[in-house]
Amino acid sequence: QVQLVESGGGLVQPGGSLRLTCAASGRLRSMITMGWYRQAPGKQRELVATITAGGHSNYADSVKGRVIISGDNAKNTVYLQMSSLKPEDTAVYYCKRDQWEEWALSRSYWGQGTQVTVSS
(Lines give C-alpha, C1' and ligand atoms only; values in the text may rest on other atoms or scores of the structure.)
Protein backbone atom coordinates (compact mmCIF):
# COMPACT_ATOMS: atom_id res chain seq x y z
CA GLN A 1 0.00 0.00 0.00
CA VAL A 2 1.09 3.56 -0.77
CA GLN A 3 -0.11 6.65 1.06
CA LEU A 4 0.07 10.18 -0.35
CA VAL A 5 -0.45 13.01 2.14
CA GLU A 6 -1.04 16.48 0.72
CA SER A 7 -0.76 19.84 2.44
CA GLY A 8 -0.38 23.55 1.69
CA GLY A 9 -3.81 24.46 0.36
CA GLY A 10 -5.86 27.37 1.61
CA LEU A 11 -7.48 30.69 0.81
CA VAL A 12 -5.42 33.21 -1.17
CA GLN A 13 -6.18 36.47 -3.00
CA PRO A 14 -5.81 36.75 -6.78
CA GLY A 15 -2.15 37.25 -7.64
CA GLY A 16 -1.01 35.41 -4.53
CA SER A 17 1.16 32.32 -4.14
CA LEU A 18 0.95 28.87 -2.56
CA ARG A 19 3.26 25.87 -2.29
CA LEU A 20 1.61 22.45 -2.21
CA THR A 21 3.40 19.43 -0.75
CA CYS A 22 2.81 15.70 -1.30
CA ALA A 23 4.64 13.18 0.88
CA ALA A 24 4.64 9.52 -0.22
CA SER A 25 5.08 6.58 2.15
CA GLY A 26 4.41 2.85 2.38
CA ARG A 27 5.44 0.16 -0.11
CA LEU A 28 7.29 2.47 -2.47
CA ARG A 29 8.79 0.89 -5.56
CA SER A 30 10.35 2.27 -8.72
CA MET A 31 8.64 5.53 -9.58
CA ILE A 32 7.46 6.20 -13.11
CA THR A 33 5.75 9.58 -12.79
CA MET A 34 4.33 11.81 -10.08
CA GLY A 35 2.01 14.70 -10.70
CA TRP A 36 -0.64 17.14 -9.62
CA TYR A 37 -4.23 17.19 -10.86
CA ARG A 38 -7.15 19.43 -9.96
CA GLN A 39 -10.93 19.29 -10.02
CA ALA A 40 -13.24 22.30 -9.78
CA PRO A 41 -16.97 22.02 -9.00
CA GLY A 42 -18.88 20.81 -12.05
CA LYS A 43 -15.71 20.11 -14.04
CA GLN A 44 -13.63 17.05 -14.87
CA ARG A 45 -10.37 16.34 -13.11
CA GLU A 46 -7.54 17.78 -15.18
CA LEU A 47 -3.77 17.57 -15.33
CA VAL A 48 -1.79 20.44 -13.81
CA ALA A 49 1.80 19.18 -13.94
CA THR A 50 3.81 15.94 -13.96
CA ILE A 51 7.43 14.98 -13.34
CA THR A 52 9.13 11.74 -14.39
CA ALA A 53 11.70 9.70 -12.49
CA GLY A 54 14.30 11.22 -14.80
CA GLY A 55 13.27 14.74 -13.83
CA HIS A 56 11.39 15.74 -16.97
CA SER A 57 8.39 17.98 -16.25
CA ASN A 58 5.22 18.74 -18.19
CA TYR A 59 2.60 21.44 -17.62
CA ALA A 60 -0.95 22.17 -18.71
CA ASP A 61 -1.28 25.22 -20.97
CA SER A 62 -3.51 26.94 -18.41
CA VAL A 63 -0.73 27.06 -15.80
CA LYS A 64 2.46 27.35 -17.86
CA GLY A 65 4.70 30.09 -16.51
CA ARG A 66 2.85 30.23 -13.19
CA VAL A 67 3.68 26.88 -11.58
CA ILE A 68 6.78 24.76 -11.02
CA ILE A 69 6.77 21.08 -10.09
CA SER A 70 9.77 19.66 -8.24
CA GLY A 71 10.70 16.66 -6.12
CA ASP A 72 12.94 15.54 -3.29
CA ASN A 73 13.83 11.87 -3.83
CA ALA A 74 15.39 11.46 -0.38
CA LYS A 75 12.13 12.56 1.26
CA ASN A 76 9.81 10.90 -1.29
CA THR A 77 8.13 14.26 -1.66
CA VAL A 78 6.86 16.32 -4.59
CA TYR A 79 6.01 20.03 -4.57
CA LEU A 80 3.90 22.38 -6.65
CA GLN A 81 4.93 26.04 -6.44
CA MET A 82 2.06 28.25 -7.59
CA SER A 83 2.15 32.01 -8.23
CA SER A 84 0.02 34.67 -9.93
CA LEU A 85 -3.02 32.70 -8.88
CA LYS A 86 -6.35 33.38 -10.57
CA PRO A 87 -9.94 32.68 -9.46
CA GLU A 88 -10.14 29.94 -12.11
CA ASP A 89 -7.36 28.09 -10.25
CA THR A 90 -9.86 27.37 -7.45
CA ALA A 91 -10.16 23.58 -7.14
CA VAL A 92 -9.27 20.55 -5.09
CA TYR A 93 -5.68 19.63 -5.96
CA TYR A 94 -4.72 15.94 -5.95
CA CYS A 95 -1.30 14.30 -5.94
CA LYS A 96 -0.78 11.12 -7.99
CA ARG A 97 2.06 8.58 -8.04
CA ASP A 98 2.58 5.95 -10.75
CA GLN A 99 5.01 3.16 -9.91
CA TRP A 100 6.04 -0.33 -11.00
CA GLU A 101 4.55 -3.30 -9.12
CA GLU A 102 4.96 -7.09 -9.39
CA TRP A 103 4.80 -8.77 -12.80
CA ALA A 104 5.96 -5.62 -14.57
CA LEU A 105 2.61 -3.96 -13.92
CA SER A 106 2.17 -0.29 -13.12
CA ARG A 107 -0.27 1.15 -10.59
CA SER A 108 -1.53 4.62 -9.73
CA TYR A 109 -2.07 6.01 -6.24
CA TRP A 110 -3.96 9.18 -5.35
CA GLY A 111 -3.82 11.54 -2.40
CA GLN A 112 -6.87 12.80 -0.54
CA GLY A 113 -6.72 16.26 -2.09
CA THR A 114 -6.18 19.74 -0.69
CA GLN A 115 -8.49 22.71 -1.32
CA VAL A 116 -7.15 25.83 -3.03
CA THR A 117 -9.48 28.83 -3.11
CA VAL A 118 -8.50 32.02 -4.96
CA SER A 119 -10.87 34.85 -4.05
CA SER A 120 -10.96 38.49 -3.00
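## A four-stranded open sheet

In this predicted model, four strands line up as an open sheet in the order β1-β3-β8-β7, and their pairing is antiparallel. The edges belong to β1 (2-7) and β7 (67-72); each has a single partner strand, so one side of each is left without a neighbour in the sheet. Direction ignored, neighbouring strands here are turned by 15 degrees against each other on average.

Let's look at one edge of the sheet. β7 pairs with β8 (residues 77-82) in the antiparallel sense, over six bridges. To find your way along this pairing, you can start from I69, whose bridge partner in β8 is L80.

## Aromatic pairs and a ring cluster

Two aromatic pairs are found in the structure. One of them is formed by Y94 and W110, with 6.4 Å from centre to centre and 85 degrees between the planes, an edge-to-face arrangement. This pair links distant parts of the chain: Y94 belongs to strand β9 (residues 91-100) and W110 to strand β10 (residues 106-110), 16 residues apart. Ring pairs also bring Y37 into the picture, in a cluster with Y94 and W110.

How accessible are Y94 and W110? Y94 has a relative accessible area of 14%, so Y94 is buried, being under the 20% cut-off. W110, at 37% relative accessibility, counts as partly exposed.

## An arginine over two rings

R45 joins this group of rings through its charged end, which sits over the ring of W110, 4.6 Å from its centre. R45 also lies over the face of Y94, at 3.8 Å from the ring centre.

Technical notes:
Residues are numbered from 1 along each chain as its sequence is written. This is a predicted model: local features need pLDDT of at least 70, side-chain atom pairs count only at pLDDT 80 or more; totals for chains, interfaces and linings use all residues. Side-chain values use heavy atoms; hydrogens and water are left out. Two strands pair if DSSP finds at least two bridges between them. Helices (H or I, at least four residues) and strands (E, at least two) are DSSP runs, numbered from the N terminus. Axes are lines fitted to C-alpha atoms, for helices over the stretch in contact, and angles run from 0 to 180 degrees between N-to-C directions. Rings of Phe, Tyr and Trp (its six-membered ring) pair if their centres lie within 6.5 Å; planes under 30 degrees apart count as stacked, over 60 as edge-to-face and the rest as tilted. Buried means under 20% relative accessible area, exposed over 50%, partly exposed in between (1.4 Å probe, protein chains only). A charge sits over a ring if NZ of Lys or CZ of Arg is within 6 Å of the ring centre and within 35 degrees of the ring normal.
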